[in-house]
Amino acid sequence: MTKPSLPELLHAAVTAVGGTERPGQVAMAEAVEEAIDGGSHLLVQAGTGTGKSLGYLVPALAHGDRVVVATATLALQRQLVERDLPRTVDALHPQLRRRPEFAMLKGRSNYLCLHRLHEGVPQDEEDGLFDQFEAAAPTSKLGQDLLRMRDWADETETGDRDDLTPGVSDRAWAQVSVSSRECLGATKCAYGAECFAESARERAKLSDVVVTNHALLAIDAIEGAPVLPQHEVLIVDEAHELVSRVTGVATGELTPGQVNRAVRRAAKLVNEKAADQLQTAAEGFERLMELALPGRLEEIPEDLGYALMALRDACRTVISAIGTTRDKSVQDEDAVRKQALASVESVHDVAERITNGSEWDVVWYERHEPRGGAAYRHSGASLRVAPMSVSGLLREKLFTDRSVVLTSATLKLGGDFNGVGASLGLAPEGTEGDDVPQWKGVDVGSPFDYRKQGILYVAKHLARPARDGDRGDMLDELTELIQAAGGRTLGLFSSMRAAQLAAEELRSRIPEYPILLQGEETLGELIKSFAADPGTCLFGTLSLWQGVDVPGPSCQLVVMDKIPFPRPDDPLMSARQKAVEEAGGNGFMAVAATHAALLMAQGAGRLVRASGDRGVVAVLDQRLATARYGSYLKASLPDFWFTTDRNQVRKSLAAIDAKARQTEAEGQPESD
C-alpha cells in the first residue's frame, strides 16, 4: 500500500476536528515534515487562527518516531490531549494503519502523592500539621479541601491536580504532594505500585506522543537525569515563552523562611552539634537579610560571602549527619528524613552556587510585600541567582540528537527570526559550521486580513511617559477611547500600579462602563465576565498580555499604556543588556527592545481572534511613532492599518461599536 500523502492526512485530520483547511496550515505542515525528515530545526511563525497544532501534529504522527510536544500553558496542554490528539489519531488511524498512543507528563509535584495523603505531612513545629486531616478543622476551607481530595483520590485515574475541579489552594495541595527531591522513590514507598506520578511516566514511555510543559523540558535539559522518555522529535509550542520558563527553572532562591524550615526539619534527625551549627548559620543569614536592599550584587559583599559559606558548610555537616543517624522514635522516619534532606540540600545548593560565583550568573536581592501566615513571618527579602543567559544551555541540550520545531504566533521580531534564534542559542539563519545547528525560519502568515480588520493607533500627541510620572493626559485619552468604543476594552498596563490607578480613576469618571481589575478575582473568572458583557472593560498586567482569548464584540479595543520595556532596575535584564554591550553589541535592542517587541506582538494579538473581529490597538506612548526603535517594534506587530489621527480613531471605534450594537439587538429574542 502506498504511503498516504501529507495533504490527504491533513485533510482527514482537519475534517475530523471540524476545522477549515488554510493555506498557512498546509505550508506549516510541509515545513515541519521537511525539518523532521531532514533532521534539521525549524522556527515557524503561525498567526492566530492558522490551526497550528494540526500543522505540527499531522506530519509528526505520520513520521512515526516518538514526539515530545512542550507547551507553556495548561489550556493548550488540555486542548491537545482532550481534543486535538484524540480526533487526529482517530482520523489518521485508517490511513496510517496504526493507532499512535499519546500521554501527558508533568513534574512530580503536579500529582497527588498517596504516601502524603495516607501518612500525613512530616510535622513542621510551626505549621502544626502532622495529621493534616485532624489538625485542619473540617469546617475550615483547608479542612474541606483536604477531605474532598481524600475522596477524589479514590476515583481519579490520573491524580493530576488539573483534573480536580473545583481546584484547591497551593497550601492545600502542598499537604498532598511532594517534590521530586522529597519523594521516597517507588521501590521504597509503600504506595509505589499505585503511584500516580510513576504511572504517568510509564504511560509516557509507551506513548508515541508525549505532551508536557516547558518547565519539565527545562528540568530534563538542566538536571541531566532524564525525566522525559527518549524521543526523536521535539515540538515546542508557545515557543516565545521558552527562554523565560527555562530561566525560571534555572533560578535559585534563598529566603530566611526557607532556611529556618530546613533547620526545623533537620533538628530532630541529627546530633546537637550539627543542629546548632545550622541554627547559628541560619541566624547569621537572617540578620543580613533584614538589612538587604533590593538590587544586583555585582560583587558578593564580604559579610554575605561569610554567611553563605557558613550556611553551605553547616548544610554539608547536616547532610552527612542525617545519613548516619537513625531514630526509631520518629514516626514514618523515611519520609521525615527525605523531607529534611530535600530542604537542607536545596539551601546547600543555592548557597554553594552563589559562593562559587560563576561569571555567567547574576545575583540580586529582592524584597517582597510581607504577607501573613506562618511561612511568611520572616523578613520579606530573598537572595536570588539566575543565569545571565540560557542560550548556551539550550543550544547544547535542545538542538542535539533530535529535530526541533519551535512555533508561536510571535517569533519574527523586527522582520526576522534572528533575535529569537539568538536567545535560543542559534547562530543567524544560514550560518554554516560543523557544530552549528542548522535551522530555517518560516512565516506562514495568518488567515486574517489585518489591514481590513484592525487599526494600530499611536497617540502621538501625548507627553512622553516618564517613569512614575503623572499621566493625566493618558487617562483623558483612555477615557475618551473607552467611551467611543462603548466599553469593550482590554487595558494592558506595564505595571500593576498603573493598572490600579487607571481602574480607580476611570471607575469614578465613567461608572457606566464596569471595569474589572486583575487580582480582584481569579483570571478565569475575570475573562469570563469580560467576555459575557460587551460594556465591560478588563485592566491588568503581564498575564493578560498573552492569556486572553475573547473573540467577538466584547474585545474591540486593546490599549497599551506604554511600551513594555523591562524596568531599568530589573537586575537580570540590565545585567543581560550590559553583557551584550561589553561584547560590542547593542544591549538595548538585543534585550530591552526584543522583550518589548515580544510582549507588544502578544498584546496586539488579543484583538483579532476570529475572521469577523474588528477593532483598534491603541498605544498611548508617542515613542512608537517618534523614536528610532519604533519601526522595529511596529515591524513585530500584525500588519494593521496605521494612524496617529485621534479623531479618525474615535470615529472608527464609534462605527465598530454601532455595528456591534445593531448585531446584538438583531440577535435578541422578540420578547426583549
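This note reviews a sheet, two helix arrangements and one arginine in a predicted model.

1. The sheet. Seven strands make up an open sheet. Their order is β3-β4-β2-β5-β10-β1-β11, and they pair in parallel fashion. The edge positions belong to β3 (102-104) and β11 (439-443). Each of these two strands has a single partner, so one side of each is left without a neighbour in the sheet. On average, neighbouring strands of this sheet are turned by 15 degrees against each other, with direction ignored.

2. Background on pairing. Strands of a sheet are held in pairs by backbone hydrogen bonds, in either a parallel or an antiparallel manner.

3. One strand pair within the sheet. Strand β1 (residues 41-45) and strand β10 (residues 403-408) run parallel and are joined by four bridges. Which residue of β10 stands opposite L43? The residue is L406. A student may locate these two residues in the structure when following the pairing of β1 with β10.

4. A helix across the sheet strands. Helix α4 (residues 74-96) lies across three strands, namely β2 (67-71), β3 and β4 (209-213). Relative to β4, helix α4 runs at about 165 degrees.

5. A pair of helices. Helix α12 (residues 256-267) and helix α15 (residues 333-356) have axes that come within 8 Å and cross at roughly 140 degrees. Angles over 145 degrees would count as roughly antiparallel, and those from 65 to 115 as roughly perpendicular; α12 and α15 are therefore oblique to each other. Their crossing is left-handed. On the α12 side, the contact is made by Q258, V259, A262, R265 and A266. On the α15 side, Q339, A340, S343, V344, S346 and V347 take part.

6. The setting of R650. R650 belongs to helix α27 (residues 646-666). Is this residue buried or exposed? Its relative accessible area is 15%. Buried means under 20%, so R650 is buried.

7. The contacts of R650. Leaving aside residues up to four places away in sequence, R650 touches Y457, E477, E480, L481 and A484. With one of these, E480, there is a polar contact of 2.9 Å between the side chains. In addition, a polar atom of the R650 side chain lies 3.0 Å from the backbone oxygen of R646.

8. A distance for orientation. How far apart are R650 and A590 in sequence and in space? They are separated by 60 residues in sequence and by 35 Å in space, taken from C-alpha to C-alpha.

Conventions. Residues numbered from 1 in each chain as written. Predicted model: local features only at pLDDT ≥ 70, side-chain atom pairs only at ≥ 80, totals over all residues. Heavy atoms only, no water. Buried < 20%, exposed > 50% of the residue type's maximum accessible area, 1.4 Å probe, protein only. Contact = heavy atoms within 4.5 Å. Polar contact = N/O pair within 3.5 Å; in protein donor to acceptor, adjacent residues only side chain to side chain. Pairing = 2+ DSSP bridges. Axes fitted to C-alpha atoms, helices over the stretch in contact; angles between N-to-C directions. Parallel < 35°, antiparallel > 145°, perpendicular 65-115°, else oblique. Left-handed = near helix turned anticlockwise from the far one by under 90°.
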